Every structure is written in C-alpha cells, then in structure tokens.
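Student: I have a model open on my screen and I'd like to learn how to read it. Could you take me through it feature by feature?

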Amino acid sequence: MRVLSRFILAATDPRHFPPPRLPEIAFLGRSNVGKSSVINSLVGKKLARTSSTPGRTRSINFFEIRRAGQPKPDLLFADLPGYGYAKISREEAAEWANFVDPYLVERPSLALCVALIDANVPAQESDRHLLEFLASRGRPHVMVATKCDRMSGNELSQAMRQISKDYSGVTVVPFSAKTGVGRDELWEQIRITTEKYVLS
C-alpha cells in the first residue's frame, strides 16, 4: 500500500498528545528491536530516526499517515520509547512512565498496539509483561518478529514455532525491514483493526 507520511510532534507529557481524532497504531518493544526500521519499511521512506545506539527514542513520536489519493489522513503512527535498556537512569524511566503509561491506558484513539520482538533472541520476560499488560487493558495487539532476514528458511520456521509457543494466543508476523517480508501482512492487520475501530 502506497502512503504519504509526515512527522507531527514528539510528546513527553499527555498534554502534548495530538487531539484523538484518528485511530492510532502504537509501536512498542525493547530498545534496538528495530521499531523505527519497521515504521520506515511500512511507509516506504526514512520517516522515523534509526540508531545503532539503544534507548535514543525518549518521547512518543507521532506520524500522520495518509493513503495516496486521499485528501485527509487515515491514521497516526506512534513510536514509543524502547524498554529494557540498562543505561537509562531510574529518573528517566520514571519520567517515561508519566507519559507512556497514560498513553497506553487512557488514550481513546489507540486502535492497535504492535509489539515488536527480535526473532533471533530467546523469549524475554519484559516482552511477556508487555503482552500481559496490553491484554489486561483490553488493548488489541499483534506481535511482529523482526530481523527475520538473519535466519535461513529452516531457522526461521523453527523460531516462529518457538515464538508461537512462548507467546501463545497472539498473532505473530515475521518481518524483515531489509527484504520487505511481512510488510503486506502487517498492513493487513492494521487495515482490519482500523476498519473495525470506532472512536467514541
């Protein structure tokens, strides 16, 4: 799907969030899991900033997404700070909780949470906690297994079976920002969710 996209704002306080007028897709995951690369792959350009240094995203970055040929935007992407990075101070982590938690718990326009994991890394407790949290809040979510291009076909099949076992009951999309694998499938998940979504 061809889309037009642009950065809107970076928020570190709920008061800075954009008005909840469009369905929003939140991207969450451990630091350095490839959130920005997934977003850039979906929109077909370098929209979100990528970095080899974990923990660089320290705000919720909002991006407006519009299908080509449409006069108005269809939805927003929200790139959330990564978690599980040891060098982030406790003070910074506490500050993040002041705007990340309210976003995930209270945001009325949050339609889908995309939880990213690295397909090459064994199951992490922090990722399980995230899925449990989203489920407890009734937030629709899908899991994306990134960096699949680093595996052979057999290795990927084994990894996906293990991921489905480790995170049972969750839709898992294998994804590679380099090759484009999973891009159409993830867009389909977003489309299905946003078509069902009604902002109250």
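Tutor: We'll start with the overall layout and then move to single residues. Keep in mind that this is a predicted model.

Student: Fine. How many helices and strands does the protein chain have?

Tutor: There are five helices and seven strands. Read from the N terminus, the elements go β-β-α-β-β-α-β-α-β-α-β-α.

Student: In what order do the strands sit in the sheet?

Tutor: Order in a sheet is a separate thing to read from order along the chain. Here the seven strands make an open sheet in the order 1-3-4-2-5-6-7, with mixed pairing. Strand 1 (3–11) and strand 7 (172–174) are the edge strands, each pairing on one side only. On average, neighbouring strands of this sheet are turned by 25 degrees against each other, ignoring direction.

Student: Can you show me one pairing up close? Which way do strand 2 and strand 5 run, parallel or antiparallel?

Tutor: They run parallel, and six bridges join them. If you want a spot to zoom in on, take E24: its bridge partner in strand 5 is L110.

Student: Now the inside. What percentage of the residues of the protein chain count as buried?

Tutor: Of its 200 residues, 46% do. The accessible surface comes to about 10500 Å², and carbon and sulfur atoms account for 48% of that. Contacts tell you about the fold too: take those in the chain with a separation of 6 or more, and 74% of them are between residues 24 or more positions apart.

Student: Which residues have the most contacts inside the largest nonpolar core?

Tutor: I60, F62, L80, Y103, L104, M143 and I163, in a core of 32 residues. Several elements give two or more residues to this core, among them strand 3 (60–67), helix 3 (125–136) and helix 4 (153–166). Helix 2 gives the most, with five residues. Apart from this core lies another of 24 residues, including F27, V33, L116 and I190.

Student: How do I read burial along a helix?

Tutor: Start from the geometry: an α-helix has 3.6 residues a turn, so residues three or four places apart point the same way. Then look at what the helix in front of you does.

Student: Why is helix 1 described as largely enclosed by the rest of the structure?

Tutor: Because eight of its nine residues, in the stretch 35–43, are buried. The buried ones are K35, S36, V38, I39, N40, S41, L42 and V43.

Student: And a single residue in a helix? What does L131 touch?

Tutor: L131 sits in helix 3 and counts as buried at 7% relative accessibility. Leaving out residues up to four places away in sequence, L131 touches A115, H141, M143, Y167 and V170. For L131 and H141, which are 10 residues apart along the chain, the C-alpha atoms are separated by 8.0 Å.

Student: Let me try another. Is T193 buried or exposed?

Tutor: T193 is buried, with a relative accessible area of 16%. It lies in helix 5 (residues 183–196). With the same neighbours in sequence set aside, T193 touches A111 and L112.

Student: What should I look for in backbone angles?

Tutor: Most residues other than glycine have a negative phi, and most peptide bonds are trans. A positive phi is therefore worth a look when the residue is not a glycine.

Student: Where is N32, and what is its phi?

Tutor: N32 is in the loop between strand 2 and helix 1, and its phi is near 70 degrees. N32 is partly exposed, with a relative accessible area of 41%. K147 has a positive phi too, of about 60 degrees, although it is not a glycine. You'll find K147 in the loop between strand 6 and helix 4, where it counts as buried at 18% relative accessibility. As for a glycine, G44 just after helix 1 takes a positive phi of about 80 degrees.

Student: Last one, cysteines. How many disulfides does the structure hold?

Tutor: Zero. C113 is buried, with a relative accessible area of 0%, and C148 is buried as well, at 5%.

Methods: Residues numbered from 1 in each chain as written. Predicted model: local features only at pLDDT ≥ 70, side-chain atom pairs only at ≥ 80, totals over all residues. Heavy atoms only, no water. Core = buried A, V, L, I, M, F, W, Y, C linked by side-chain atoms within 4.5 Å. Buried < 20%, exposed > 50% of the residue type's maximum accessible area, 1.4 Å probe, protein only. Helix = DSSP H or I, 4+ residues; strand = E, 2+ residues; numbered from the N terminus. Contact = heavy atoms within 4.5 Å. Areas by Shrake-Rupley, 256 points an atom, 1.4 Å probe, with all protein chains shown as cover. Pairing = 2+ DSSP bridges. Axes fitted to C-alpha atoms, helices over the stretch in contact; angles between N-to-C directions. Disulfide = S-S within 2.5 Å.
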